[in-house]
Amino acid sequence: MAETLDGMSASAVRAAYEIRVVIGRLRRRFRETYDNEELTPSQTSVLSRLSKEGPASASALAAAERVRPQSMAATLAVLEERGLIQRRPDPHDGRRQLVSTSDMGSAFLDDKRRAGEEWLAQALESGYTEAERQTILEALALLDRLSRA
């Protein structure tokens, strides 16, 4: 952790460091709470991207995920084999296909999110007082404001 960054307060520098560390830990903990059906992080990332952003071509996904088209083709092949995505012709360009989440892929993501939320709610209920949970909610409002800066 840097002691100072171009005249910034020590508290700002420390908060930046602590937020990054805690978010990383929480992300890892969320990943541990659900059965990922042996999907790799990159496969899960592509499935999540399709769920959030909608259908996309393989080349657009490769660019968004910053991987080579060949790597994306392999990722999509695994997701398709597991029934988590579907392909259909692009209505604007018949030579291309659009990839989207299948019903099974959407259900997988819903289950994953629900498992994470259940773990977190249980941890908050059993490990924190009402006053501490209110403090967490107040801190989250500040973090939300930070995310919009």
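The questions and answers below walk through side-chain contacts and exposure in a predicted model.

User: Hi! How many aromatic pairs are there, and which residues form an aromatic pair?
Analyst: Happy to help! A pair of aromatic rings is described by the distance of the centres and the angle of the planes. The count here comes to one aromatic pair. With 5.5 Å centre to centre, the rings that form this pair belong to F30 and W119.

User: Is that pair of F30 and W119 stacked or edge-to-face?
Analyst: Let's look at the angle. The planes of F30 and W119 have 80 degrees between them. Planes over 60 degrees apart count as edge-to-face, so the pair of F30 and W119 is edge-to-face.

User: Which parts does the pair of F30 and W119 tie together?
Analyst: F30 lies in helix α1, residues 10–32. W119 is in helix α5, residues 103–127. The pair therefore ties together parts that are 89 residues apart in sequence, namely α1 and α5.

User: Is W119 buried or partly exposed?
Analyst: Good one to check against a cut-off: buried means under 20% relative accessible area. W119 has 21% relative accessibility, and its partner F30 has 26%. F30 counts as partly exposed, and W119 likewise counts as partly exposed.

User: Which helix gives the largest share of the positive surface patch?
Analyst: The positive surface patch is formed by R25, R27, R28, R31 and K52. K52 lies in helix α2, residues 41–53, and counts as exposed at 68% relative accessibility. The largest share of the patch is four residues, and these come from α1.

User: How many salt bridges are there?
Analyst: Side chains of opposite charge can pair when their charged atoms come close. Among the salt bridges here are D110 with R113 and D144 with R148. The count comes to 11 salt bridges.

User: Which residue forms a salt bridge with E65, and how far apart are the closest N and O atoms?
Analyst: E65 sits in helix α3, residues 58–65, and its partner in helix α2, 16 residues apart, so this pair links distant parts of the chain. E65 counts as buried at 18% relative accessibility, whereas the partner is partly exposed at 22%. That partner is R49, and the closest N and O atoms are 2.6 Å apart.

User: Which residues are linked with E65 in a network of salt bridges?
Analyst: We have just met the salt bridge of E65 and R49. The network of salt bridges also takes in another residue. The residues linked with E65 are R49 and E53.

User: By about how many helical turns are D110 and R113 separated?
Analyst: D110 and R113 meet in a salt bridge at 3.7 Å, N to O. D110 is partly exposed at 39% relative accessibility, and R113 is partly exposed at 35%. Because they are three residues apart in helix α5, they are separated by about one helical turn.

User: In the salt bridge of D144 and R148, which residue is exposed?
Analyst: The side chains of D144 and R148 meet at 3.1 Å, N to O. D144 has 35% relative accessibility and counts as partly exposed. With a relative accessible area of 65%, the exposed residue is R148.

User: Last one: what phi does R66 have?
Analyst: R66 is found in the loop between α3 and α4. R66 is exposed, with a relative accessible area of 75%. Although R66 is not a glycine, it has a positive phi of about 60 degrees.

Note on methods
Residues are numbered from 1 along each chain as its sequence is written. This is a predicted model: local features need pLDDT of at least 70, side-chain atom pairs count only at pLDDT 80 or more; totals for chains, interfaces and linings use all residues. Side-chain values use heavy atoms; hydrogens and water are left out. Rings of Phe, Tyr and Trp (its six-membered ring) pair if their centres lie within 6.5 Å; planes under 30 degrees apart count as stacked, over 60 as edge-to-face and the rest as tilted. Helices (H or I, at least four residues) and strands (E, at least two) are DSSP runs, numbered from the N terminus. Buried means under 20% relative accessible area, exposed over 50%, partly exposed in between (1.4 Å probe, protein chains only). Patches are made of residues with over 30% relative accessible area and no salt bridge: like charges are joined within 9 Å, nonpolar side chains (Val, Leu, Ile, Met, Phe, Trp, Tyr) within 5 Å. Accessible areas come from the Shrake-Rupley method with a 1.4 Å probe; for residues, only the protein chains shown count as cover. A salt bridge is a side-chain nitrogen of Lys or Arg within 4 Å of a carboxyl oxygen of Asp or Glu. Lys and Arg count as positive and Asp and Glu as negative; His and the chain ends are not counted. The place of a charge is taken as NZ of Lys, CZ of Arg, CG of Asp or CD of Glu.
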